[in-house]
Structures are given as C-alpha cells and as structure tokens.
Amino acid sequence: GIRAACVLPPTKDKDDAASAIDEFRIVTGNQGGGLCEFGVPSGSLRPIEYQHNHAVTALLSSPSIANNASNDVDDDAGVYITGCKDALVRVFDFSHRLQATL
C-alpha cells in the first residue's frame, strides 16, 4: 500500500496529451519501495524508474523556482526527497533524476 505522498507542479511535456492538461502531479511511495506519479486531473499513472530497496516512509517536495525574466517555471529547479527504511535520504529533481543520497 501507499505509505507517503507529495505534490509536484505539472510537467511542460506538450507532446503528452495527459501532461498538457494536468494542474499538478502526486508522487507516491509504497511499502515495496516503488514510486509512482499520478497526473491530476488526467488520471494518468506512471511508474517512476528509480525504485527503492525498502519501504518509502516519507516524501517531501520543495517548490520550483520561477525564472525572473520570463516567469516560467524550470521543471528541474525544484526537488522532492524520499525517506526509506534503509535509513538513506534521497533527493530527486522534478524529472525524477536522483540528485543526491544522504
């Protein structure tokens, strides 16, 4: 089952019809170590490639930073953080790329 969740801003993937209408994304972590992304309101469900070896027990997101010149949001500017039963904290960008392990 789902153990933790956090909210991310929508992606800017104009080639994906579901992503184009989403207002936000929910990332969930489960007891098996899996991460999934749910698009809202499209209802799209995408497994995230990176998987943990233990239950994901915490998720926290940090807002992205707007570009001052164009007021556009940089998809990679924000982060989300996972806590896992292996006692490691992992930091991912909003494109789900692992940035750091603490």
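1. Let's start at the surface: Lysine 85 is exposed, at 63% relative accessible area (buried is under 20%, exposed over 50%, partly exposed in between, with a 1.4 Å probe and protein chains only). You'll find Lysine 85 in the loop between strand 6 (79–84) and strand 7; strands here are DSSP runs of E, at least two residues long, numbered from the N terminus. Where does Lysine 85 make its contacts, not counting residues up to four places away in sequence? Lysine 85 touches His54, Ala55 and Thr57, contact being heavy atoms within 4.5 Å. Lysine 85 and alanine 55 are 30 residues apart in sequence, yet their C-alpha atoms are 5.7 Å apart in space.

2. A word on what you're looking at. This is a predicted model, so to speak of a local feature takes pLDDT of at least 70 and side-chain atom pairs count only at pLDDT 80 or more, while totals for chains, interfaces and linings use all residues. Residue numbers run from 1 along each chain as its sequence is written, and side-chain values use heavy atoms, with hydrogens and water left out.

3. On to the first sheet. Strands 1-2-3-4, in that order, make an open four-stranded sheet with antiparallel pairing; two strands pair if DSSP finds at least two bridges between them. Strand 1 and strand 4 are the edge strands with a single partner strand each, so one side of each has no neighbour in the sheet. From one strand to the next, the twist averages 25°, taken between N-to-C directions of lines fitted to C-alpha atoms, on a scale from 0 to 180 degrees. Strand 3 and strand 4 run antiparallel and are joined by three bridges. Phenylalanine 38 stands opposite leucine 45 of strand 4.

4. Have a look at the peptide bond between valine 40 and proline 41: it is cis, with omega about 15°. Proline 41 sits in the loop between strand 3 (35–40) and strand 4 (45–47), while valine 40 belongs to strand 3. Is valine 40 buried, exposed or partly exposed? With a relative accessible area of 26%, valine 40 is partly exposed. Setting aside residues up to four places away in sequence, valine 40 touches Asp22, Glu23, Phe24 and Ile26. The C-alpha atoms of valine 40 and isoleucine 26 are 7.6 Å apart, with their positions 14 residues apart in sequence numbering.

5. The second sheet is also worth a look. Here four strands form an open sheet in the order 5-6-7-8, again with antiparallel pairing. Strand 5 (56–62) and strand 8 (98–101) are at the edges, each with a single partner strand, so one side of each is left without a neighbour in the sheet. The strand-to-strand twist averages 20°. Three bridges pair strand 7 (residues 89–93) with strand 8 in the antiparallel sense. Following those bridges, arginine 90 has threonine 101 of strand 8 as its partner, and phenylalanine 92 has leucine 98 of strand 8.

6. Now the turn of that hairpin. Four residues lie between strand 7 and strand 8, and among them histidine 96 takes a positive phi near 70°, although histidine 96 is not a glycine. Alanine 87, in the loop between strand 6 and strand 7, is another non-glycine with a positive phi of about 70°. Alanine 87 is exposed, with a relative accessible area of 67%.

7. Aspartate 93 deserves its own point. It lies in strand 7 and, at 4% relative accessibility, counts as buried. What does the aspartate 93 side chain reach at 2.9 Å? The backbone nitrogen of serine 95. The side chains of aspartate 93 and arginine 97 are joined by a polar contact, also of 2.9 Å (N or O atoms within 3.5 Å, one able to donate a hydrogen and the other to accept it; residues adjacent in sequence count only if both atoms are side-chain atoms).

8. Last, the inside. Nonpolar side chains tend to be buried together in soluble globular proteins. The largest nonpolar core here has 11 residues: Ala4, Cys6, Leu8, Val27, Leu35, Ile48, Val56, Leu59, Tyr80, Phe92 and Phe94. Strand 1 (2–8) and strand 5 are the elements that give two or more residues to this core, and strand 1 supplies the largest share, three residues. A core counts buried Ala, Val, Leu, Ile, Met, Phe, Trp, Tyr and Cys joined through side-chain atoms within 4.5 Å. Beyond neighbours within four places in sequence, valine 56 has contacts including Arg3, Ala4, Leu35 and Cys84.
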